[in-house]
Structures are given as structure tokens and as C-alpha cells.
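Dear colleague,

I am passing on the structure below, and after it you will find notes on what came out of looking through it. Please read them with the model open beside you.

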Amino acid sequence: MSGSNSERMTSPKTANFKTASTNKKEEPVAIISDDDNNKFEKLKNEDTTSEHIPFDTSFESTIRPKHFDDYVGQSSLKSTLKISIEAAKKRELPLDHILFYGPPGLGKTTLASVIATEMNANIKITSAPSFERPRDIIGILMALKAGDILFIDEIHRLNKISEEILYPAMEDFYLDMTTGKAQTLKSIRIPIPKFTLIGATTKAGSLSGPLRDRFGIIHRLEFYTEDELAKVIKRTAQILEIEIDENGAYAIAKRSRGTPRIANRLVKRVRDYAIVKSNGFINEKLANQSLDILQIDKYGLDNTDRSLINLIANKYNGGPVGIETIATALGEDSKTIEDVYEPYLLQKGFIQRTPRGRKLTPFACKCFNLGSLNIQQELNFDF
Ligand code: ADP
């Protein structure tokens, strides 16, 4: 950034945005008042990361893989990324911007950290809902150093202004702003260091077209197989010094909904049970007893999943029924149903989406002994 620009930059608190008529793409630009001069510099140096990582607990950071070798599964995605990383290193340029999408807990944040380690880059982990005011995202962007990685979780929830500030930052590495008031209004372009944005979303379809188009690499994360989850479980057990045998790991893997975050959570719950009920060692029998008590069935379904299936079967004769109706009946937010519960039920083939709503599949009827959906009946959930 040029000295004159930085001197003129003033309080981010007073920054507001409007679309500059000189701007060809009609992108909004920050209007920063001339009133107080050096707060912008302060903002630039602020460590804004900590307030944006409320979810990164010490447990998570202890078990979060740091290298590709520890990152289980997602093999084709890993191969593609390794090539991109090697190419970027050879060209001595930052990686293209990357978008990861897929249900929660599949390892999007973890993969961003792995990429940072492999690139020898710093990473700033943030989440879109924390960018309330323009100054929030401007502060983060201006504090970046060349080669840094900026991770934005839930990027589909970015507000319009923050999103439009990102466009030139992603494309040409500058911020488009105006400074001054009324007649003295002046457009300025502030260069920022070349960085890589890694966005993560559970809802790729909710991303605006222009934002999606600015990502060079877009990847979906897949649910994990039982073998992969057993590996995740054994690795976590080793780090946390939990004793578990192969069959115990598989018993937990089977009921982890294809999701490493759930697998890790269950390992801890089963460990507690093993400590209380036995000598702390987890084998298949103990894992199964503990998971039965937690009411997680042999398909990995929990009470909410079962209530959802029960509802469609018994109240709506197998469906179709709209997502809002399901959410209201279950007392859940429809977004939670869509983002957290539904993807696994869809992937396992228990429900299907139709234009008129969600329906149970013949597979669900078979698994839960639903002979005829026209008759109300108690579902037979087998743990
Ligand atoms: P997301 O960002 O997709 O919601 P996270 O990256 O936060 O998911 O992953 C949740 C937890 O699962 C992390 O604590 C991490 O330890 C674990 N995890 C995720 N993916 C993997 C993986 N591929 N290998 C090992 N552990 C993983």
C-alpha cells in the first residue's frame, strides 16, 4: 500500500459503503471519513483471528490432523490438492482460491489447516457470520501477509457488502475504496498481499454465482467409509491415550454417520462408559453397550433421525412432506434438518427428495419393518 493512501486511511468505525460510479463492475467501495487518521493502521495490525475461532477448542486442536499423511480418506481430493500445492510452490505463487463444500464435520476446516502446513503458510480461521460490518472483513484482509491463507467458514452466510469487498480482493488483490466526503470524495485502490482464500460451506447452492466463480478450485467432501472412520478413531484414541481394539474401533465407526467429528465425539463418550463400567479398555461389546445407551442405532441414527423417519411414516404415510412441516413438527430449525440430519439420511438412502417434499424410501421401509405405509405403526428400531 502506498504511504499516502495509508496516511489518509481513517477510522474503520466510520467507514460506510456505496457503489462508486467510476467502478465499472458496480462493486461497492468503502467510504472512509477523513476524521481520525491512524485507526486504520491499528486495525491493520489488530489480531482479529482469536475472536473468530470460538469453535476451535483445545480438544479439537489436539486431534486435528496437521499433515496430509494424518488426514484420513478423501483420497482423490488429496491427490488433486497435492498437485496444486506442488505447482504453486514451484511457481512461487499462492494457491488458487479454494471452495470446500459438504456436510458439517467432514474435515473442511482441518483440510484448510493441512494445506496451510503443506504450503508453509499462516492461516487465519474465520467464519462469515462474524463479518458484521465492512471493517471486519477489511481489517482481516489488510492484516494478511503475502502467501497467507484466509479460511472463511460458512461462506454462504457472508453479507452482500462483505462479499463485494472480497471480489476485487480475490481477483486482483486490491480493495476498492473511496475516501473523503461529498465534493472531496475520491476513489482509491489499495493493494493487498497475494493470499489464498479457502471458503467452506455446507450449502454450495446458496453461494452467489459471482462468488463461486472466483474460486479456482471447488471440491465436495464425501462421507467416510467405515474403514476410514476406524482409522480416525484409532488415531484419536492413540492421541488421547484411550485403549481400544480393532473391533471396538469398527463398532464406533459403524455408528458415526460417516463423519469424523461424530466418530471423535463418540470415542470420548465410549471412553467415559468404559472407565465407569470396566477398566477403561474399549472392545466391541463395550462399545456397542455404550452406544446403545446413547441411543445411537446400528445405522448411526440418533433420536432426531428416528423421530424424523417416524414422523414421515406415521403422520404422512411415508411422505412426501415439506421440510418446513418436518422442522416444525420436530421443533428444529429447517436449516439444521437440511444441513445436519438430511444429508446422511439421503446418502444412506432412507429418504429421498421429491418436488413435493421428503419421502421415505423402500429401503427405509425394509430397515424399519414398515410393511405398508398406510397403516400407522410403531417403528422397529434395531440397535
Ligand atoms: P468441518 O470443517 O467440515 O465441519 P472439521 O475440519 O472441523 O470439519 O473436522 C471435525 C473434526 O473431525 C476435527 O476435529 C478433525 O480432528 C476430525 N477430522 C475431520 N476430517 C478428518 C480426517 N480426514 N482425518 C482425521 N480426522 C479428521
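The axes of helix α9 (residues 226–239) and α11 come within 9 Å and cross at roughly 45 degrees, where axes are lines fitted to C-alpha atoms, for helices over the stretch in contact, and angles run from 0 to 180 degrees between N-to-C directions. That angle makes α9 oblique to α11, given that angles under 35 degrees count as roughly parallel, over 145 as roughly antiparallel, 65 to 115 as roughly perpendicular and the rest as oblique. The crossing of these two helices is right-handed; a crossing is called left-handed if the near helix is turned anticlockwise from the far one by less than a right angle, and right-handed if clockwise. On the α9 side the contact is made by Leu229, Val232, Ile233, Thr236 and Ala237, and on the α11 side by Pro260, Ala263, Asn264 and Val267, two residues being in contact if their C-beta atoms, placed from the backbone, lie within 7 Å. Seven of the residues in this contact are nonpolar, two are polar and none is charged; Ala, Val, Leu, Ile, Met, Phe, Trp, Tyr, Cys and Pro count as nonpolar, Asp, Glu, Lys and Arg as charged, and the others, Gly among them, as polar.

Please keep in mind that this is a predicted model, in which local features need pLDDT of at least 70 and side-chain atom pairs count only at pLDDT 80 or more, while totals for chains, interfaces and linings use all residues. Residues are numbered from 1 along each chain as its sequence is written. Helices (H or I, at least four residues) and strands (E, at least two) are DSSP runs, numbered from the N terminus.

Pro260 of α11 also belongs to the ligand site, where 20 residues surround the ligand and the closest are Gly107, Lys108, Thr109, Thr110 and Pro260; a residue is near a molecule or strand if its C-beta atom, placed from the backbone, lies within 6 Å of it. At least two residues of this shell come from each of α3 (58–63), α5 (108–118) and α11 (260–277), and the shell as a whole divides into nine nonpolar, seven polar and four charged residues.

A second helix pair is α6 (residues 134–143) and α7 (residues 160–172), whose axes come within 9 Å and cross at roughly 25 degrees, and the two are therefore roughly parallel to each other. Pro134, Ile137, Ile138 and Leu141 in α6 meet Ile161, Ser162, Ile165, Leu166 and Ala169 in α7, and this contact has eight nonpolar residues, one polar and no charged.

The axes of α14 and α15 (residues 334–347), by contrast, come within 8 Å and cross at roughly 100 degrees, so these helices are roughly perpendicular to each other. Here Ile323, Glu324, Ile326 and Ala327 in α14 meet Ser334, Ile337 and Glu338 in α15.

Two backbone details remain. The peptide bond from Gly319 to Pro320 is cis, with omega near 5 degrees, and Pro320 is found in the loop between α13 (303–315) and α14 (323–330). Gln74, in the loop between α3 and α4 (75–91), has a positive phi of about 50 degrees although it is not a glycine.

With best wishes
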